[in-house]
Amino acid sequence: AFLHSRWKRFLFYFSDPKTKIYFKSSDDYNDVVLDIIVLVMGDAASFEDWYNNMKTINKGRVNLFLEYASYDDIIPNLEDFHQANIDGIKSGKFIDFEAITIIDRTWSEGRNILAAQALRKEKLRGKEFDYWFFLDYYVSQSAV
């Protein structure tokens, strides 16, 4: 319990706000906070829609992570999205995200790369995600 408590405090206080934003979860079942990673393959132009829609999700009961893999181009202006996250922390309008480029890869290779990214994030966090969602960019975000 002591190490778990120290780990939560470490993540909460010393995480980089651009990419690692965590909430504490309670031992009470009704207050459980789920860790969910959404792994999306899509075109670079669709990233902004995914980012904007997912940052509006109520984060009271979920730690939400977006891993976006662009198959056609580098996603422009990523620094602007990171700054918007920093600006949106107080209002709760943020999303922990990472965007990568996987040009000239098959869908299977892309999915494997996304899975490897999720495993890497789990290792960095020292905690597994409760759910992994693999989605394509054309799926409605309201389904998430």
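Me: How much area does the protein chain expose, and what share do carbon and sulfur atoms supply?

Reply: In this predicted model, the protein chain exposes about 8,700 Å². Carbon and sulfur atoms supply 53% of that area.

Me: What share of the residues is buried?

Reply: Of the 144 residues in the protein chain, 39% are buried. To be called buried, a residue must have under 20% relative accessible area.

Me: What elements make up the secondary structure, and in which order do they run?

Reply: There are four helices and four strands. From the N terminus on, the order is α-β-α-β-α-β-α-β.

Me: Which residues of helix H2 are buried?

Reply: Helix H2 covers residues 47–55, and its buried residues are Phe 47, Trp 50, Tyr 51, Met 54 and Lys 55.

Me: Why are the buried residues of H2 said to line one face of the helix?

Reply: Seen down the axis of H2, the buried residues fall within an arc of 115°, so they line one face.

Me: What makes Phe 47 and Tyr 68 an aromatic pair, and why is the pair called edge-to-face?

Reply: By the rule used here, the count comes to 10 aromatic pairs. Phe 47 and Tyr 68 form a pair with 5.4 Å centre to centre and 70° between the planes. Ring centres have to lie within 6.5 Å, and planes over 60 degrees apart count as edge-to-face. The values 5.4 Å and 70° meet both conditions, so the pair is edge-to-face. The pair links distant parts of the chain, with Phe 47 in helix H2 and Tyr 68 in strand E2 (residues 62–70), 21 residues apart. Phe 47 and Tyr 68 are both buried.

Me: Why is the pair of Phe 47 and Phe 97 called tilted?

Reply: The ring centres of Phe 47 and Phe 97 are 5.6 Å apart and the planes stand at 50°, so the pair is tilted. Stacked needs planes under 30 degrees apart and edge-to-face needs over 60, so 50° fits neither. Phe 97 lies in strand E3 (residues 96–101), 50 residues from Phe 47 in helix H2. Both Phe 47 and Phe 97 are buried.

Me: Which residues form one aromatic cluster with Phe 47?

Reply: The cluster consists of Phe 47, Tyr 51, Tyr 68 and Phe 97.

Me: What makes the charged end of Arg 125 sit over the ring of Phe 129?

Reply: The charged end of Arg 125 is 4.5 Å from the centre of the Phe 129 ring. The distance limit is 6 Å, with a further condition of 35 degrees from the ring normal. Arg 125 is listed as sitting over the ring of Phe 129, so both conditions are met.

Definitions and conventions:
Residues numbered from 1 in each chain as written. Predicted model: local features only at pLDDT ≥ 70, side-chain atom pairs only at ≥ 80, totals over all residues. Heavy atoms only, no water. Buried < 20%, exposed > 50% of the residue type's maximum accessible area, 1.4 Å probe, protein only. Helix = DSSP H or I, 4+ residues; strand = E, 2+ residues; numbered from the N terminus. Arc of directions from axis to C-beta. Areas by Shrake-Rupley, 256 points an atom, 1.4 Å probe, with all protein chains shown as cover. Phe/Tyr/Trp six-rings, centres within 6.5 Å; stacked < 30°, edge-to-face > 60°.
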